[in-house]
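Colleague: Could you take a close look at one part of this model for me, and set it in the context of its chain? I would be glad of a connected account.

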2 protein chains.
Amino acid sequence: MKQLQDKISSEGRVLSEDVLKVDSFLNHQVDPRLMQAIGKEFARRFENDGITKILTIESSGIAPSVMAGLTMGVPVIFARKRASLTLTEGLISAEVKSFTKQTVNTISVSGDYVTAEDTLLIIDDFLANGQAALGLLDIARHSGASVAGVGIVIEKGFQQGGILLRDQGIRVESLAIIDSLADGKVSFREEAEVR
Amino acid sequence: MKQLQDKISSEGRVLSEDVLKVDSFLNHQVDPRLMQAIGKEFARRFENDGITKILTIESSGIAPSVMAGLTMGVPVIFARKRASLTLTEGLISAEVKSFTKQTVNTISVSGDYVTAEDTLLIIDDFLANGQAALGLLDIARHSGASVAGVGIVIEKGFQQGGILLRDQGIRVESLAIIDSLADGKVSFREEAEVR
């Protein structure tokens with residue numbers, strides 16, 4: 001998605017060979033018009049898949065998901081990382097390892113909102129090691145819902161998440177795939193190279 | 001806002017005299033079309049206030065804020081409750097007490113994105129004791145930004161947050177104000193009664 005690549009090129013900051021900072025438009029400050037364009041692109045890519053609900057994870061997955069949900073006319077549900085006072089019964093949970101923070105988080109959704117009748121589109125802002133996506137897929141599996149695919153805003157193509165998911169036969173649609181952050185420079189994978 | 005009151009009446013669940021569960025459309029599952037209507041209503045109420053940026057807090061403030069930002073054509077920044085690996089320098093922080101969870105959280109935004117040149121609209125999903133809004137106001141104060149007002153999706157009018165903010169001269173625009181949850185019933189304040 002050219003508009004997204006251009007934004008990453010102009011505003012993304014390469015902090016190391018692993019870390020790209022995009023907090024000026026995606027995961028701290030949010031550019032609503034870009035999110036709308038991203039939402040429309042996810043909607044276009046999954047328009048024939050009978051999606052009934054979008055599943056994402058707080059917090060940075062929410063903005064692109066809500067814009068996709070608006071275009072597709074379906075609700076969004078975001079998995080929570082912490083327990084909530086008013087949300088305790090009938091939870092479906094999964095564990096998510098964070099390699100960067102060296103922690104294991106439990107993420108949860110209410111079983112009221114993800115059921116065996118649903119066909120889910122899973123959306124997240126980043127795909128790196130794939131742990132968050134695997135956690136969301138776990139939740140889908142426990143609920144009995146079908147998963148049409150995973151929509152990712154930025155995939156770090158040099159990490160294992162994309163391979164991990166695609167090797168399981170999961171359809172992954174990443175709007176930008178970064179092949180390298182070497183030498184402080186963002187190198188994108190060409191769309192045609194995405195298998 | 002009638003559409004919001006109707007949604008609360010039909011889908012909100014009163015768990016106690018203090019607790020209203022609206023996780024079917026606002027803070028767990030999200031209704032994107034309702035969020036769009038809410039965003040437009042915030043934009044209408046603050047259209048003459050020269051807003052340059054919306055400030056909110058993860059996670060439930062993000063969806064209504066991004067929709068308001070889309071209508072108003074301004075960026076959204078969400079305060080984070082946890083430290084982030086890629087977000088460590090130049091933070092502006094404030095403390096937020098949670099009465100329900102009996103904890104104190106530090107919330108932070110990057111000083112790159114909230115500056116003395118900004119006129120902020122602060123948005124949150126709920127106003128109860130007002131601690132989150134006060135924390136966001138604290139951050140605005142530290143940054144030197146002006147605050148045009150606070151936009152709230154659901155105000156619990158029987159708790160102290162609304163009085164606390166309005167007594168400081170802060171403009172609070174709540175799209176629904178609940179006067180009571182007694183007897184398992186949601187009682188709304190009429191718009192004309194809002195001072």
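Modeller: Happy to help; a contact here means heavy atoms within 4.5 Å. With that in hand, 62% of the contacts in chain A between residues at least 6 apart in sequence join residues at least 24 apart. Before going on, please keep in mind that this is a predicted model, in which local features need pLDDT of at least 70 and side-chain atom pairs count only at pLDDT 80 or more, while totals for chains, interfaces and linings use all residues. Residues are numbered from 1 along each chain as its sequence is written, chains are lettered from A and ligands numbered from 1 in the order in which they are written, and side-chain values use heavy atoms, with hydrogens and water left out.

Now to the chain around our site. Chain A holds 5 helices and 11 strands (DSSP runs numbered from the N terminus: H or I of at least four residues for helices, E of at least two for strands). Its radius of gyration is 16 Å, close to the 16 Å that the globule rule gives for 195 residues, so chain A is as compact as a globular protein of that length; the radius is taken over C-alpha atoms, and the rule is 2.2 Å times the number of residues to the power 0.38. The C-alpha trace of chain A spans about 50 × 40 × 35 Å along its principal axes. Of the 195 residues in chain A, 58% count as buried, where buried means under 20% relative accessible area, exposed over 50% and partly exposed in between (1.4 Å probe, protein chains only).

The part I would zoom in on is A:Glu155, which sits in strand 9 (residues 146-156) of chain A. A:Glu155 counts as buried because its relative accessibility is 2%. Its side chain joins that of A:Ser174 through a polar contact of 2.6 Å; such a contact is a pair of N or O atoms within 3.5 Å, where, within protein, one must be able to donate a hydrogen and the other to accept it, and residues adjacent in sequence count only if both atoms are side-chain atoms. Leaving aside neighbours within four places in sequence, A:Glu155 is in contact with A:Leu127, A:Gly162, A:Arg166, A:Val172, A:Ser174, A:Ala176, A:Ile177 and A:Ile178.

One more residue is worth a look: A:Arg189, found in the segment after strand 11 (187-188) of chain A. The A:Arg189 side chain makes a polar contact of 2.8 Å with the side chain of A:Asp179, and it also reaches the backbone oxygen of A:Gly157 at 3.5 Å.
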